[in-house]
Amino acid sequence: MSRKNDTVTKKSKQAAAGGGKKKRIARAAVAATKTAPAARKKNKAASQQQHHHQQYVTLPLVCDADTLRTLIRNNKRKGDAVRVVDVRKADDYNAGHIPTAVSLPLARLLEDDRPERVVQLLQELGVEEKMPVVIYDDTFGALAARVAWTFQYVGHSNTSLLEMTFRQWKELGLEVETKPNKFKPTVHPLVINREMYADAQYVEAAQSQQGKLLVDSRERLNFLTEHIPTARNIPYTMLGDGGNILRKPDELKRLIENRGISPDSEIITYCGSVGTLSGLAYYALKMAGYNKVRLYPKSFKEWKSLGKPKDEFKEANYWDLSAE
């Protein structure tokens, strides 16, 4: 009888143990179900954090088409590998643009180009601090250069000019889209690079300072008509080579050295009004290896409005029209 009771007791304990195991499994399953969304949320947050701290490509001053196309493909696969900025008019952008490009017409930038406002624009375009930015236009690179300079001036150093215009991009049969693009706003710091900038006071002082010189990037006839005293002329028309917005670095270096400009000089570029042509000259000088370059963005228009002195060739002849 005691053996029978022992057997019953043993079976009861086994049954109880088995039931306890099933209950533990059931509780574990419920717990897993409850924690699964939390785990997914955690993984998503980790993924976003990894994306936020992703390693961006550092671009040269001028970006070639193949590099941009690769970055655009990465944009579509991974997101935010590059921000492409179209600075043509909005209607031109809507008619067709480079894939993933956002629209920022130059006129919109110039409405208010205070550094604080420019950073707001960067944030609206979804540009993170280290993200590469490639800018293009359809005006031989001059508009793109002005916007690129402005971005770099307010602290976005990883900014590059596309080597060609949009028209040339299309003529090569490269990808184009018409849908507008908008990206999630970002937070971007303001870090002004004052070594890139010159105002009228700085320009006036530089005229009498050794090692500093002015470069007028307007066409030769405009330069001869009137210009800031002591300035030398490098017309913007000489900076490109037809296929690209800028010549090769060694060609630019030779062109500039032929003007008697030493690589050790600090150079201030200016043009007629808002710094577009001189923006292109700014990047030409940088491409040629000239490290100390500033842009006078208000240019000759402001200089004249302030009543500053100017030089002119009253008896210029045909040969003076040659910049060579």
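Okay, so let's start with glutamate 124 and arginine 117: their side chains meet in a salt bridge, with N to O at 3.3 Å. Just so everyone knows, what we're looking at is a predicted model. Why might a pair like that form at all? Well, side chains of opposite charge can pair when their charged atoms come close. As for its surroundings, glutamate 124 is partly exposed, at 35% relative accessibility. And this pair has company: Arg108 joins Arg117 and Glu124 in a network of salt bridges.

So how many salt bridges does the count come to? The answer is 14. I'll pick out two others.

Next up, aspartate 216 and arginine 218. Their side chains form a salt bridge too, N to O at 2.8 Å. Now, buried or exposed? For aspartate 216, the answer is buried, because its relative accessible area is 0%. Arginine 218 has a relative accessible area of 9%, so arginine 218 is buried as well; the cut-off for buried is under 20%.

Then there's lysine 253 with glutamate 257. In this salt bridge the closest N and O atoms are 2.6 Å apart. Where do these two sit? They're both in helix H10, which covers residues 249-257. They are four residues apart there, so about one helical turn separates lysine 253 from glutamate 257. Both ends are partly exposed: lysine 253 has 34% relative accessibility, and glutamate 257 has a relative accessible area of 35%.

Okay, let's leave the charges and go over to the strands. Find strand S4 on your screen, residues 133-136. Which way do its side chains point? Val133 and Ile135 go one way, Val134 and Tyr136 go the other way, and all of them are buried.

S4 has a partner in strand S2, residues 83-86, and the two pair in the parallel sense over four bridges. If you want a spot to look at, aspartate 86 stands opposite tyrosine 136 in S4.

S4 also pairs with strand S5, residues 159-162, again in the parallel sense, over three bridges. Here, valine 133 has threonine 159 of S5 as its bridge partner.

And what do you get if you put helix H6 into the picture with S4 and S5? Together, S4, helix H6 (residues 142-153) and S5 make a right-handed β-α-β unit. Try tracing it yourselves: start on S4, go through H6, and finish on S5.

That's it from me!

Notes:
Residues numbered from 1 in each chain as written. Predicted model: local features only at pLDDT ≥ 70, side-chain atom pairs only at ≥ 80, totals over all residues. Heavy atoms only, no water. Buried < 20%, exposed > 50% of the residue type's maximum accessible area, 1.4 Å probe, protein only. Pairing = 2+ DSSP bridges. Right-handed = clockwise from strand over helix to strand, strands pointing away. Salt bridge = Lys/Arg side-chain N within 4 Å of Asp/Glu carboxyl O.
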